[in-house]
Amino acid sequence: MTFPAWVFRSNSTAFDLVQIDKKSYENADIPEDHVLIRVRAVSLNYRDLIGWKNLAGRKLDGRVPASDGAGEIVACGSAVRQWKAGDRVAGCFFQAWQTEPFDSIHHKKDLGGTLDGMLQEYVCLPESGVVNIPSHMSFEQGATLPCAALTAWYALRSRGGLRKDQTVLCLGTGGVSIFALQIASKMGAKVFITSKDHEKLAKAKELGGFETIHYLETPEWGKEILKRTQDRGVDHIVEVGGPGTLEKSMQCITAGGHIALIGVLTGFGASNTSLFPLLAKNVRLNGIYVGPRDQFIAMNAFMEETHFEPVIDRVFDMQHALQAFEYLASGKHFGKVVIRV
Ligand SMILES: NC(=O)c1ccc[n+]([C@@H]2O[C@H](COP(=O)([O-])OP(=O)(O)OC[C@H]3O[C@@H](n4cnc5c(N)ncnc54)[C@H](OP(=O)(O)O)[C@@H]3O)[C@@H](O)[C@H]2O)c1
């Protein structure tokens, strides 16, 4: 018996994505502390594009992509006590990072990177590498949580200490930014959000966005935010842009504010921007890499309590996974792109 999976296949400049058949698990193949999951949905992240285009030079040949997936447990190893067949779960991005502090050793066990990811029909994970998805969510919604949602939560809530009387700036309307917008506005904070598209800005407003800015029409958006905040600036910035946006983020962060350094949408290169504003304003700069499992559990409790609905732009079938990658690469999406397995 076999089951379908997608894998990266090496090519001279990037990776191809090809569908293969993998050998099915027998009960005897399940290690005693692992669970076997029938994957039902996977969501894509910008990271999957970085892998596909080989922008970070990782060795992904033959690796199954995608850190994010949800499904139901179909079998448990003999020593597993906390899970049973039928439980609805998602895999953790860092399979071994349970709680703070972070240790670089966790980079050796990341789904869709050093380990096979979720874009396959069955996956076998340690029992400590999965969490329950919120009970009101579908598998498609649950599959959006492990990377983008946890990153936004960990950045704002855990490391940022966001309070309801504060302001947050989100850059663009991709997965991390829309989760950050929803989390912050559910907590009562005021969210400023940028986009290159007026329709997306209108949708962001419907989701609770307080102020919106078209970053192509207003390239000096840092100054614009200062103007709209009477020169005070914002308390938190979800910095997903990197070298091409940091200068403006430093412009509009308030004195004593917090910048969560998360993304590389404008590239991995060095920026020749002066970092002096960070000192002058006593800014907290936090490097963020997803988050630990206990924060994933805490976030899911918050989502359960607030009846949180992740924003899914489009769902593709498993056989159209390649189109899902292409759609994400087009930058037309708002929120998350999902593949039904
Ligand atoms: N450190 C971590 O743990 C972590 C975790 C997740 C993601 N990331 C990183 O965070 C970034 C976002 O990831 P994602 O998965 O949310 O991406 P995504 O869903 O692919 O979001 C892409 C969107 O970002 C916006 N964008 C692109 N260039 C921009 C720019 N120069 N200024 C403002 N917005 C811009 C665009 O939105 P509009 O169409 O609205 O303009 C685009 O559609 C990526 O660099 C990713 O690698 C890091």
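In the predicted model, helix H9 comprises the 13 residues 293-305, which at 1.5 Å a residue should span 18 Å, and the separation of 19 Å between its end C-alpha atoms agrees with that expectation. Several residues of this helix are buried, namely Arg 293, Gln 295, Phe 296, Met 299, Asn 300, Phe 302 and Met 303. An α-helix has 3.6 residues a turn, so residues three or four places apart point the same way. The cover over the buried residues of H9 includes two strands, S5 (88-91) and S7 (130-132), together with helices H3 (145-159) and H4 (175-186). Beyond the helix, H9 is followed by His 307, a residue whose phi is positive, near 50 degrees.

The surroundings of the ligand were examined next. The ligand is surrounded by 27 residues, of which Thr 173, Ser 195, Lys 196, Lys 200 and Val 290 are the closest. By character, the residues of this shell divide into 13 nonpolar, twelve polar and two charged.

Polar contacts to oxygen atoms of the ligand involve both backbone and side-chain atoms of the protein: a polar backbone atom of Tyr 46 lies 3.0 Å from a ligand oxygen, an N or O atom in the side chain of Thr 173 lies 2.6 Å from a ligand oxygen, and for an N or O atom in the side chain of His 333 the corresponding distance is 2.9 Å. Taken alone, the ligand exposes 930 Å², and 89% of that area is buried by the protein. The elements that contribute two or more residues to the shell around the ligand are helix H1 (46-52), H3 and H4; H3 and H4 are also among the elements that cover the buried residues of H9.

Technical notes: Residues are numbered from 1 along each chain as its sequence is written. This is a predicted model: local features need pLDDT of at least 70, side-chain atom pairs count only at pLDDT 80 or more; totals for chains, interfaces and linings use all residues. Side-chain values use heavy atoms; hydrogens and water are left out. Helices (H or I, at least four residues) and strands (E, at least two) are DSSP runs, numbered from the N terminus. The expected span of a helix is 1.5 Å times one less than its number of residues. Buried means under 20% relative accessible area, exposed over 50%, partly exposed in between (1.4 Å probe, protein chains only). Contact means heavy atoms within 4.5 Å. A residue is near a molecule or strand if one of its heavy atoms lies within 4 Å of it. A polar contact is a pair of N or O atoms within 3.5 Å; within protein, one must be able to donate a hydrogen and the other to accept it, and residues adjacent in sequence count only if both atoms are side-chain atoms. Accessible areas come from the Shrake-Rupley method with a 1.4 Å probe; for residues, only the protein chains shown count as cover. Ala, Val, Leu, Ile, Met, Phe, Trp, Tyr, Cys and Pro count as nonpolar, Asp, Glu, Lys and Arg as charged, and the others, Gly among them, as polar.
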